[in-house]
Amino acid sequence: DKTVTMVADLEGRLANTEDAVHAAERARDSAERSATARVHEAETRCQEAVAGRALLDQELLTRAARADAEAGDAKLKLQEVEDRYTSSRDDQVAVIKEERKRRAAGEADRDASDLR
């Protein structure tokens with residue numbers, strides 16, 4: 001009679017132990033799934049960040065190229081303005097020199113007329 005009770009008690013303890021083991025295994029599996037999901041989520045965010053960074057880098061390169069092109073255009077326009085200014089100034093200097101020559105020639109002609 002005691003043996004039967006002891007066996008029943010041991011079987012009960014074994015059943016409780018098995019239940020505890022199964023519960024621990026389920027908890028472990030749940031924790032592993034949760035950890036795997038968190039790792040996957042972190043990897044996804046990391047990939048998105050890398051892709052975003054690549055887009056930003058490309059945008060910066062595009063903007064830098066555009067700025068270089070605009071700077072080149074501005075330099076060409078500045079050179080054109082400087083060339084026109086130089087040409088205009090040279091033309092004005094030539095006109096002034098011509099006018100001075102004409103005046104000097106006119107004064108020389110008057111001086112020669114006065115001497116006659």
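This is a short tour of a predicted model, moving from the whole chain to a few pairs of charged side chains.

Begin with the whole protein in cartoon view, where there are 1 helix and 0 strands. The radius of gyration is 49 Å, well over the 13 Å that the globule rule gives for 116 residues, so the protein is more spread out than a compact globule. Turned along its principal axes, the set of C-alpha atoms fills a box of roughly 170 × 15 × 5 Å.

Next, show the surface: the protein exposes about 10500 Å², of which carbon and sulfur atoms supply 57%, and 0% of the 116 residues count as buried.

Now colour the charged side chains, 21 positive and 27 negative, and note that the centres of the two sets lie 7 Å apart. The salt bridges among them come to 9.

Select R28 and E32, whose side chains meet in a salt bridge at 3.9 Å, N to O; these residues are 4 apart in helix 1 (residues 2-115), and therefore separated by about one helical turn. Both are partly exposed, E32 with a relative accessible area of 45% and R28 at 45% as well.

Move on to R53 and D57, which form a salt bridge at 2.9 Å, N to O, and which are likewise 4 residues apart in helix 1. Here R53 is exposed at 53% relative accessible area, whereas D57 is partly exposed at 31%.

Then select E59 and R63, where the salt bridge is 2.8 Å, N to O, again with about one helical turn between the two residues; E59 is partly exposed at 34%. Finally, return to R28 and E32 and add D29, since salt bridges that share partners join R28, D29 and E32 into one network.

Conventions. Residues numbered from 1 in each chain as written. Predicted model: local features only at pLDDT ≥ 70, side-chain atom pairs only at ≥ 80, totals over all residues. Heavy atoms only, no water. Rg over C-alpha atoms; globule rule 2.2 N^0.38 Å. Buried < 20%, exposed > 50% of the residue type's maximum accessible area, 1.4 Å probe, protein only. Areas by Shrake-Rupley, 256 points an atom, 1.4 Å probe, with all protein chains shown as cover. Lys, Arg positive; Asp, Glu negative; His and termini not counted. Charge placed at Lys NZ, Arg CZ, Asp CG, Glu CD. Salt bridge = Lys/Arg side-chain N within 4 Å of Asp/Glu carboxyl O.
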